[in-house]
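The exercises below are to be worked with the sequence and the coordinates at hand. Please attempt each task before reading its solution.

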Amino acid sequence: MTITFIGHGYVGLVTACVFADFGNQVYVIGHTPEKIQRLQKGDPLIYEPGLKELLEKNLKANRLHFTSEYQEAISNSNIVFIAVGTPPKPNGEADLSQVITVAEKITPYLKNKLTIISCKSTVPVGTNKKIEKVLMQKKPKNAKIAVASCPEFLREGTAINDTINADRVVIGSTSNEAIAMLSKLHEPVAGKRVITDLASAELIKYTANAMLANKISFANLISFYCEKTGADVENVLDAVGLDKRIGRIFMDPGVGYGGSCFPKDVKALINTGKHLQIDTSMLDAVEIINAQTRTNFLNKFYINVKGKNIAIWGLSFKPNTDDIRFAASIDIIKALLQKNYHITVFDPVAMNNIKKIFQEKITYSDSAYNAVKNADALLILTEWNEFKQIDLRKVKDLMKTPLIFDGRNMYKPTTMKDLGFVYHSTGRQSV
Ligand code: UDX
């Protein structure tokens, strides 16, 4: 098949590379010429494990074509995926301007052979109907189109594997031809098929993300109880998670969720709920608790830290990505800068992105060890693999004061006590 992706972010680029790798001809449209040139040369623009290799392989095989022109791509494609951003507006509503703009840009090049227009961007329920309206109003008279919603569930850091080995493939459409064509395209993808209507497909994506964010906030809420009562959150959640109806996965407490999806999608679902006059208190609480994870972490820090030289390990919103959108590190660095702390940071891949925000206001270190030299305290905000078995004796020798605030519960309190650290983690007693 010949397909087009409009947008080359984490969803657009990863999915384009995977479908090219399955043997399809894939166009990717972007609007910044400099970025298109870099993509054409095999630079994925983002850090995602395995992506550069997949991109280079499929460019070489002439199956991937990056362009800023719509005409060739759209007129040759059986399926056009919209995969542009839907960032939150100040009131939390998803900003659909990019989605609607690209829908308008597609229209002049639609032909009288059927083209499926499918939205991969996360959009509020009802948006695909709006896209359909724009297309129907502006398309050439004889052009044939069908609209479908095909949400994406990939996680950054494991995006390629998630795309190939999906838990489910959701296709929402009223057009049998669209369902047949999208089902055919997804044949090599693992996972159950869910064929449904447009509104359900749109809501499935928000429900999944809100449910996952809910699990995290619930675990964090219980961690607050544990800290006040002497209970150990890991023991509590391990035991509760043994109930098959609950499960232990995705209930790790700490400095809360960040990233490009949960914060934005919970907000957008709240906003949709308000429009529909639904009481969104439960979703409001998910957001409130997530913000409290960061203030709770900072309060422990303020009470216990005497010196001003602070080291931070981990800046990305989770490991294996350079993405810092809504990362805990941003909130925590901002709060510490307001109180005039000297901050030295280290992250294996996200340093350049954090530099764009804080520039010379903080110090950037080339290794985890160098970051902790003479530090009065170390804050751990992302659970990168390289911190898991780091030489903690060496870390202790390098620090001025052996004091750690672990926002991801990476180490056992007993081990840290034996090593001579003062160690604060989440939902467990400090040692
Ligand atoms: C998420 C969804 O998982 C994915 O299905 C969807 O398509 C996009 O949004 P992503 O944002 O890449 O993916 O990361 P994810 O692994 O879900 O983690 C999100 C945030 O939650 C991270 O900040 C992570 O640190 C945090 N998290 C995750 C916790 O705090 N505790 C957990 O138990 C799990």
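The exercises that follow concern a predicted model, and each is given with a worked solution.

**Exercise 1. The open sheet**

Task: Determine the order of the six strands in the open sheet, and identify the edge strands.

Solution:
- Step 1. The order of the open sheet reads S11-S10-S9-S12-S13-S14, and the pairing is parallel.
- Step 2. An edge strand pairs on one side only; this applies to strand S11 (363–364) and to strand S14 (422–424).
- Step 3. Within this order, S12 and S13 are joined in the parallel sense by three bridges. Leu-378 has Ile-404 in S13 as its bridge partner.

**Exercise 2. Strand S9 and its neighbours**

Task: Describe the burial of strand S9, its pairing with S10 and S12, and the path of the chain from S9 to S10.

Solution:
- Step 1. Strand S9 spans residues 309–313, and four of its five residues are buried, so that the strand is mostly covered.
- Step 2. Toward strand S10 (residues 342–346), S9 forms five bridges, and the two strands run parallel. One residue pair in this contact is Ile-312 with its bridge partner Val-345 in S10.
- Step 3. Between S9 and S10 the chain passes through helix H13 (residues 328–338), giving a right-handed β-α-β crossover.
- Step 4. With strand S12 (residues 377–380), S9 pairs in the parallel sense over four bridges. Here Trp-313 is found opposite Ile-380 in S12.

**Exercise 3. A second parallel pair**

Task: Establish how strands S7 and S8 are paired and which helix connects them.

Solution:
- Step 1. Strand S7 (residues 165–172) and strand S8 (residues 190–196) run parallel and are joined by six bridges.
- Step 2. Gly-172 stands opposite Thr-196 in S8.
- Step 3. The connection from S7 to S8 leads through helix H8 (residues 176–185), and this β-α-β crossover is right-handed.

**Exercise 4. The largest cavity**

Task: State how many cavities of 30 Å³ or more the structure holds, then characterise the lining of the largest one.

Solution:
- Step 1. Two cavities of 30 Å³ or more are present, and the largest has a volume of about 50 Å³.
- Step 2. Its lining includes Cys-119, Ser-121, Pro-151, Glu-202 and Lys-205.
- Step 3. Sorted by class, this lining comprises five nonpolar, three polar and two charged residues.
- Step 4. Helix H9 (residues 198–229) contributes the most to the lining of the largest cavity, with four residues.
- Step 5. Domain 1 (2–196) and domain 2 (198–431) each supply at least three residues to the lining of the largest cavity.

**Exercise 5. The second largest cavity**

Task: Give the volume and the lining of the second largest cavity, and name the elements that supply two or more of its lining residues.

Solution:
- Step 1. The second largest cavity encloses about 30 Å³ of space.
- Step 2. Phe-297, Lys-300, Phe-405, Asp-406, His-424, Ser-425 and Thr-426 line the second largest cavity.
- Step 3. Helix H12 (281–304) and strand S13 (403–406) are the elements that give two or more residues to this lining.
- Step 4. The residues of this lining divide into two nonpolar, three polar and two charged.

**Exercise 6. Asn-290**

Task: Is Asn-290 buried or exposed?

Solution:
- Step 1. Asn-290 belongs to helix H12.
- Step 2. The cut-off for a buried residue is under 20% relative accessible area. Asn-290 counts as buried because its relative accessibility is 7%.
- Step 3. Asn-290 and Ala-213 are 77 residues apart along the chain, and their C-alpha atoms are separated by 8.8 Å.

Technical notes. Residues are numbered from 1 along each chain as its sequence is written. This is a predicted model: local features need pLDDT of at least 70, side-chain atom pairs count only at pLDDT 80 or more; totals for chains, interfaces and linings use all residues. Side-chain values use heavy atoms; hydrogens and water are left out. Buried means under 20% relative accessible area, exposed over 50%, partly exposed in between (1.4 Å probe, protein chains only). Two strands pair if DSSP finds at least two bridges between them. A crossover is right-handed if, with the strands pointing away from the viewer, the path from the first strand over the helix to the second runs clockwise. On a 1 Å grid over the protein atoms alone, a cavity is a set of points where a 1.4 Å probe fits but cannot get out, and a pocket is an open set with protein on both sides within 12 Å along at least five of seven lines; lining residues have an atom within 4 Å of a point. Grid points are joined across faces, edges and corners, and a volume is the space filled by probe spheres set on the points. Ala, Val, Leu, Ile, Met, Phe, Trp, Tyr, Cys and Pro count as nonpolar, Asp, Glu, Lys and Arg as charged, and the others, Gly among them, as polar. Domain bounds come from an automatic or database domain assignment.
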